[in-house]
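Okay, thanks everyone, I'll keep this short. Have a look at the sequence and the model first, and then I'll talk you through them.

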Amino acid sequence: MEDYINEVYNITDGDFMLEVNALKDNFCLCFQLINKDHKPVELFCRGLQEEGLPYTISEMKTRYLPDIELPN
């Protein structure tokens, strides 16, 4: 199936999460932030640039999952 996969998106719940999915010749990262602070993504992209690694970045997507509260 790998020949037919271009991108991978994760649906997770957390304050700050970084999910990685790897394919044969590339990998997909998903940053999830509880606020709209772009700084972690900007710093990560700067590191890729400094190492000369090519990348593409998609638009920011809004998460529409309900908050989860576990019983005491």
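**A walk through the model**

So, starting from the outside: the protein chain exposes about 6700 Å², and carbon and sulfur atoms supply 54% of that. Those areas come from the Shrake-Rupley method with a 1.4 Å probe, and for residues only the protein chains shown count as cover.

Some housekeeping. This is a predicted model, so local features need pLDDT of at least 70 and side-chain atom pairs count only at pLDDT 80 or more, while totals for chains, interfaces and linings use all residues. Residues are numbered from 1 along each chain as its sequence is written, and side-chain values use heavy atoms, with hydrogens and water left out.

How confident is the predictor? pLDDT is its confidence in each residue, from 0 to 100. The chain has a mean pLDDT of 78, with 86% of its residues at 70 or more. Helix H1, residues 39–50, has the highest confidence, at a mean of 91, and S1 the lowest, at 76. As a general caution, where pLDDT is low, the predicted coordinates should not be read in detail.

Now the layout. You have one helix and two strands, and along the sequence they run β-β-α. These are DSSP runs numbered from the N terminus: H or I over at least four residues for helices, E over at least two for strands.

Strand S1, residues 16–22, pairs with S2 in the antiparallel sense over seven bridges; two strands pair if DSSP finds at least two bridges between them. The hairpin joining S1 to S2 goes through four residues. If you want to find the register, Met17 stands opposite Gln32, and Asn21 stands opposite Cys28.

Which residues of S2 point to the buried face? Going along residues 27–33, Cys28, Cys30 and Gln32 point to one face and are buried, while Phe27, Leu29, Phe31 and Leu33 point to the other and are not. Buried here is under 20% relative accessible area, exposed is over 50%, and partly exposed is in between, with a 1.4 Å probe and protein chains only. Over the whole chain, buried residues make up 12% of the 72.

Let's stay with Phe31 in S2. Phe31 is partly exposed, at 24% relative accessible area. Not counting residues up to four places away in sequence, Phe31 touches Phe16, Met17, Leu18, Pro40, Val41 and Phe44, where contact means heavy atoms within 4.5 Å. The C-alpha atoms of Phe31 and Phe16 are 7.4 Å apart, and those of Leu18 and Phe31 are separated by 4.7 Å.

Leu18 itself is in S1 and counts as partly exposed, at 42% relative accessibility. Beyond its neighbours within four places, Leu18 is in contact with Leu29, Cys30 and Phe31.

Leu18 also turns up on the surface: with Val20 and Phe27, Leu18 makes a nonpolar patch of about 300 Å². Phe27 sits in S2 and is exposed, at 52% relative accessible area.

One last number: of the contacts between residues at least 6 apart in sequence, 18% join residues at least 24 apart. That's me done, so over to you.

Definitions and conventions: Patches are made of residues with over 30% relative accessible area and no salt bridge: like charges are joined within 9 Å, nonpolar side chains (Val, Leu, Ile, Met, Phe, Trp, Tyr) within 5 Å. A salt bridge is a side-chain nitrogen of Lys or Arg within 4 Å of a carboxyl oxygen of Asp or Glu. pLDDT is the predictor's confidence in each residue, from 0 to 100.
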